[in-house]
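Open the model in your viewer and set it to a cartoon drawing. The stops below tell you what to select and what is there.

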Amino acid sequence: MQWDEFAEWGRKISEWASDYHQNIRALPVRAQTAPGAIKAQLSASPPETSEDMTTIMGDFERIVMPGMTHWQHPRFFAYFPANAAPPSMLAEMLVSTIAAQCMLWQTSPAATEMEQVMVDWLRQALGIANGYTGVIQDSASSATLSAVLTMRERATGFTGNAEGLSEQGKIRIYCSEQVHSSIDRACWIAGIGQANLVKLPTQGSLHTLDGDALRSAISADRAAGYHPAGIIAVTGGTSIGACDDLEMIAAIAKDENLYTHVDAAWAGAAMICPDLRRGLWEGVSDFDSIVFNPHKWLGAQFDCSVQFLRDEKAQIDTLKIQPEYLTTSREDITNFSEWTIPLGRRFRALKLWFLIRSYGLEGLRTRLRNHVVWAQELCEVIRQTPGFFITSEPVLSLFSFRCEGDDSVQQQLVDAINDDGRIYLTQSIWQDQKVIRLQVGQFDTTHEDVMLAHAVIKEIYAGMV
Ligand code: PLP
């Protein structure tokens with residue numbers, strides 16, 4: 001492709017993007033294709049000769065688009081949205097145009113310095129104490145793995161990387177039973193093992209890790225010869241929005257000399273609203289590591305996960321490796337690839353700069369507050385609907401419910417709703433029962449979209465009974 005052709009296609013694709021987003025409500029939220037249907041339309045072997053862009057783009061619309069689930073659909077109430085506000089998309093277009101690999105300061109000083117400033121903007125916005133630094137990762141899973149590896153190295157006197165795990169089967173990490181599966185996976189990969197991730201019961205309306213159980217587990221483990229290494233808290237669990245008491249956990253960690261990490265992957269965005277922090281965020285600045293995903297609720301295009309660090313040294317001592325081909329002659333700079341697992345790094349900070357400048361924190365706060373209010377209103381309407389029960393109360397914008405009937409009926413309802421296509425919902429387990437989860441968090445969602453969810457749920461349920 002020649003660059004003048006590139007400019008023309010760039011214009012066409014921008015127009016396509018704008019039309020797509022303006023007409024997205026007419027599309028079914030979840031892809032309605034059968035398994036294998038897209039693959040069957042793709043050529044099984046690569047072309048030997050060039051094809052023109054008009055044909056490629058035509059095939060994209062004809063073959064690919066029907067197989068897409070529309071994550072930017074305003075009636076996406078499943079999982080958590082991976083939002084992409086338009087300014088952040090534009091920034092990503094620039095990033096993919098420049099296509100820099102920003103592993104070291106010198107491989108693009110602007111990327112490193114922008115990342116330092118964006119992490120600090122978000123630190124201020126989230127009310128985290130001055131002095132924290134941080135790094136932008138691809139996902140919360142990677143940030144959590146980095147924190148778990150740091151827990152392991154700190155607990156082994158930073159010998160694990162060099163010598164392997166002589167403490168294998170001995171290191172213990174503590175969390176509640178409401179944490180995301182990325183915590184389990186981090187413990188597998190770090191060589192700690194599922195058996196040494198101690199999951200403790202929760203209590204109260206926020207499904208908070210039980211502090212007495214935590215203290216007892218740590219002291220029983222020490223007596224049995226285990227080596228407690230860290231505690232992982234959650235602010236906004238995935239299933240039902242569990243929020244731990246961060247002050248309490250930080251106090252226990254201090255007494256026990258344990259490293260702490262809090263996973264606020266989706267709920268962290270709401271902490272830019274001081275009013276929404278109340279009861280959820282106190283004590284956060286006593287944590288060693290904090291992760292939240294601006295690519296979820298805040299509106300930065302996927303992927304973008306910010307990990308704040310009270311003292312970055314422990315993580316750098318865990319992950320830094322410096323062969324000659326990566327050394328640079330300057331000492332007065334930051335090389336962010338030394339803070340994370342992958343060496344290669346995208347320029348993720350630019351989309352934060354575009355996003356935050358374009359809406360201002362107050363614009364972003366208004367959206368988040370609306371989502372919380374609308375989720376609460378929808379919850380009340382579902383509560384009043386005959387045949388429905390609320391199973392977990394809203395935590396920020398997430399709640400769960402059931403209809404009359406056993407677990408198979410709940411799944412049947414979820415599947416029928418998603419086959420209908422007007423809204424998209426998913427399920428989870430709470431108190432050993434299948435529940436239907438609903439979160440409000442898509443960037444362009446309106447009050448009308450949220451209330452339409454009630455009409456669809458009620459109508460589809462009525463057709464089932
Ligand atoms: N933690 C929580 C609480 C989540 O809800 C999720 C995903 O929804 C994750 C971690 C995993 O996030 P990521 O896909 O960025 O690894």
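The tour starts with the whole chain and then goes to single residues.

**The whole chain**

Keep in mind that this is a predicted model. Show everything first: the protein has 15 helices and 13 strands. Turn the model around its principal axes, along which the C-alpha trace spans about 60 × 60 × 45 Å. For 465 residues, a compact globule would have a radius of gyration near 23 Å; the protein has 24 Å, so the value agrees with that of a compact globule.

Now switch on the surface. The exposed area is about 20,800 Å², and 53% of that area is supplied by carbon and sulfur atoms. Of the 465 residues, 52% count as buried. Colour by charge to find 38 positive and 56 negative charges, whose mean positions are 2 Å apart. Among contacts with a separation of 6 or more, 74% are accounted for by residues 24 or more positions apart.

**The nonpolar cores**

In soluble globular proteins, nonpolar side chains tend to be buried together. Which two residues have the most contacts inside the largest nonpolar core? Select Phe308 and Leu396: they are the two, in a core of 67 residues. Then select residues 349-383, which form helix H13; this helix gives the core its largest share, 8 residues. A second core, separate from the first, has 27 residues, including Ile232, Val234, Ile316 and Trp339.

Go back to Phe308 and show what surrounds it. Beyond its neighbours within four places in sequence, Phe308 is in contact with a list of residues that includes Val119, Leu122, Leu126, Ile128 and Tyr132. Also among its contacts are Asp288, Ser289, Ile290 and Phe292.

**Backbone exceptions**

Most residues other than glycine have a negative phi, and most peptide bonds are trans. The next three selections depart from this pattern.

- Select Phe302 and Asp303: a cis peptide bond joins them, with omega about 5°. Asp303 is in the loop between helix H11 (294-298) and strand E9 (305-309).
- Select Asn257, which is not a glycine but has a positive phi of about 55°. Look for Asn257 in the loop between helix H9 (246-256) and strand E7 (259-263).
- Select Leu396, already met in the largest core. Its phi is near 55°, again a positive value in a residue other than glycine. Leu396 is in the loop between strand E10 (388-395) and strand E11 (398-403).

Is Asn257 buried or exposed? Its relative accessibility is 54%, and the cut-off for exposed is over 50%, so Asn257 counts as exposed. Leu396 has a relative accessible area of 8%, so it counts as buried.

**Buried residues in loops**

Select Ile192, in the loop between helix H7 (181-189) and strand E3 (197-200). Ile192 is buried because its relative accessible area is 4%, where the cut-off is under 20%. Leaving out neighbours within four places in sequence, its contacts are Val148, Arg152, Ile171, Ile173 and Cys187. From the C-alpha of Ile192, draw a line to that of Asn161: the two residues are 31 apart in sequence and 13 Å apart in space.

Next, select Gly241, in the loop between strand E6 (227-234) and H9. With a relative accessible area of 0%, Gly241 is buried. Outside its neighbours within four places in sequence, Gly241 is in contact with Gly236, Trp266, Val395 and Leu398. Gly204 is 37 residues away from Gly241 in sequence and 12 Å away in space, C-alpha to C-alpha.

**Buried residues in helices**

Select residues 211-223 to show helix H8, where Gly211 is found. Gly211 has 12% relative accessibility and therefore counts as buried. Not counting residues up to four places away in sequence, Gly211 touches Met248 and Ile252. A line between the C-alpha atoms of Gly211 and Ile192 is 23 Å long, for 19 residues of sequence separation.

The last stop is Ser146 in helix H5 (residues 140-155). What does Ser146 contact, leaving aside neighbours within four places in sequence? Show Gln137, Gln307, Gln315, Leu319 and Ile341 to see these contacts. Ser146 counts as buried, at 0% relative accessibility. Finish with Cys379, which is 233 residues from Ser146 in sequence and 37 Å from Ser146 in space, C-alpha to C-alpha.

Conventions: Residues numbered from 1 in each chain as written. Predicted model: local features only at pLDDT ≥ 70, side-chain atom pairs only at ≥ 80, totals over all residues. Heavy atoms only, no water. Helix = DSSP H or I, 4+ residues; strand = E, 2+ residues; numbered from the N terminus. Rg over C-alpha atoms; globule rule 2.2 N^0.38 Å. Buried < 20%, exposed > 50% of the residue type's maximum accessible area, 1.4 Å probe, protein only. Contact = heavy atoms within 4.5 Å. Areas by Shrake-Rupley, 256 points an atom, 1.4 Å probe, with all protein chains shown as cover. Lys, Arg positive; Asp, Glu negative; His and termini not counted. Charge placed at Lys NZ, Arg CZ, Asp CG, Glu CD. Core = buried A, V, L, I, M, F, W, Y, C linked by side-chain atoms within 4.5 Å.
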